[in-house]
Amino acid sequence: MKRIAVLPEGSVSHEAIDFLFDGEALDLQHSKLISDIFRAVDSGSVQYSVIPIENTIEGSVSLHMDWLVNEVDIPMQAEWVYPSIQNVIGHGNEFVTDDGTYDFGKITKILSHPVAIPQCQNFIRQHSPDADLEGVNSTAEAVEIVKKNPGKGWVAIGTKLAAQKHGLDIMAERVTDHDNNYTRFVLIGHEPVDIPREPDHVKTSLLVTLPEDAPGALHQVLSAFAWRKLNLTRLESRPTKKRLGSYYFYIDVIETVDSVLLTAAMAEIEALNCQVRVLGSYPCYTYPSRK
Ligand SMILES: O=C(O)C(=O)C[C@]1(C(=O)O)C=C[C@@H](O)C=C1
């Protein structure tokens, strides 16, 4: 049975891992902190860890990307995209009105993961503009905190799974600003993973660091992919954290790392005095397609 570290029961990450393995029995090790999820696979206490890296509304989960790049050296073994369906969850009796609806104006505090709160900005502004907002370690943790603090007017933004686990009420369903709110997850680990279905495509993630003060260097890097007709699906700069104005580029290419074209492109980029690090070459699965 695969041993996998993932955020607490009822988190979006937890729902997402069940989708990837399609009901396969897994030995899930739940941890409260994403840093512990990274450490679990780094120390070898689990085979794989589940890391959310990008969201439709919020973009990159920078903290997690930085961990992948700076704190650990563990390859990405699979990627999948899963919907982040967020709900307002609380002790419904604190907010219920005479006509049986909920008065969201009575909410004093909204707790959730810092990536989930901005996904629901419109709902919050419209219904509970005066509520305090508090970021916690996961949507599942937010639901747990609300459960333990009745009578204070607190609600969480989280999954139905978490509401069920803690016996709380779903006061509003699907409250994200856009319906197509998806999160991109990666499975990291030292061994390739066996997933019992065909991927939608394969991808290679690269980290490219340009030589200092080289005009046109990024253009030359992109040309190495362009003239080989290699399809890039992500290009993002992140600070190297060494000095202000110094960046590395995170590049996703639809190709396996050992393909002749990608190998040649990487060699060309290295010949430009760039550093190239392969973060992983892996199968990608898109919800809800199951081949
Ligand atoms: O808090 C959770 O439920 C998580 O799985 C984490 C996480 C994230 O880090 O991006 C995952 C997806 C959600 O959209 C919001 C939060």
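Trainee: What makes the shell around the ligand polar or nonpolar, charged or uncharged, by class?

Mentor: In this predicted model, the shell has eight polar, seven nonpolar and no charged residues. Asp, Glu, Lys and Arg are the residues that count as charged, so none of these four is in the shell.

Trainee: Which residues come nearest to the ligand?

Mentor: Of the 15 residues around the ligand, those are Ser11, Ser13, Ser84, Ser138 and Thr139. Ser and Thr are not on the nonpolar or charged lists, so these five count as polar.

Trainee: How do you know which domains the shell draws on?

Mentor: At least three of its residues come from domain 1 (3-83 + 182-189), and at least three from domain 2 (87-172). By element, α1 (12-20), β3 (48-55) and α5 (139-148) each supply at least two.

Trainee: Why is Ile89 said to be in contact with Val143, far along the sequence?

Mentor: Contact requires C-beta atoms within 7 Å, so the pair must meet that cut-off. Beyond four places in sequence, the partners of Ile89 also include Val146, Val155, Leu168 and Met171.

Trainee: Which residues touch the most other members of the largest nonpolar core?

Mentor: Ile89 is one of them, along with Ile37, Val50, Val143, Val146 and Val155, in a core of 71 residues. Helix α2 (residues 34-42) gives the largest share, five residues. Core members must be buried, so each of the six has 20 or more other C-beta atoms within 10 Å of its own.

Trainee: What makes the radius of gyration agree with a compact globule?

Mentor: For 291 residues the rule gives near 19 Å, and the protein has 21 Å, which agrees.

Methods:
Residues are numbered from 1 along each chain as its sequence is written. This is a predicted model: local features need pLDDT of at least 70, side-chain atom pairs count only at pLDDT 80 or more; totals for chains, interfaces and linings use all residues. A nonpolar core is a set of buried Ala, Val, Leu, Ile, Met, Phe, Trp, Tyr and Cys residues joined through C-beta atoms within 7 Å. A residue is buried if 20 or more other C-beta atoms lie within 10 Å of its own, exposed if 12 or fewer, and partly exposed in between; C-beta atoms are placed from the backbone. Helices (H or I, at least four residues) and strands (E, at least two) are DSSP runs, numbered from the N terminus. Two residues are in contact if their C-beta atoms, placed from the backbone, lie within 7 Å. A residue is near a molecule or strand if its C-beta atom, placed from the backbone, lies within 6 Å of it. Domain bounds come from an automatic or database domain assignment. The radius of gyration is taken over C-alpha atoms; the globule rule is 2.2 Å times the number of residues to the power 0.38.
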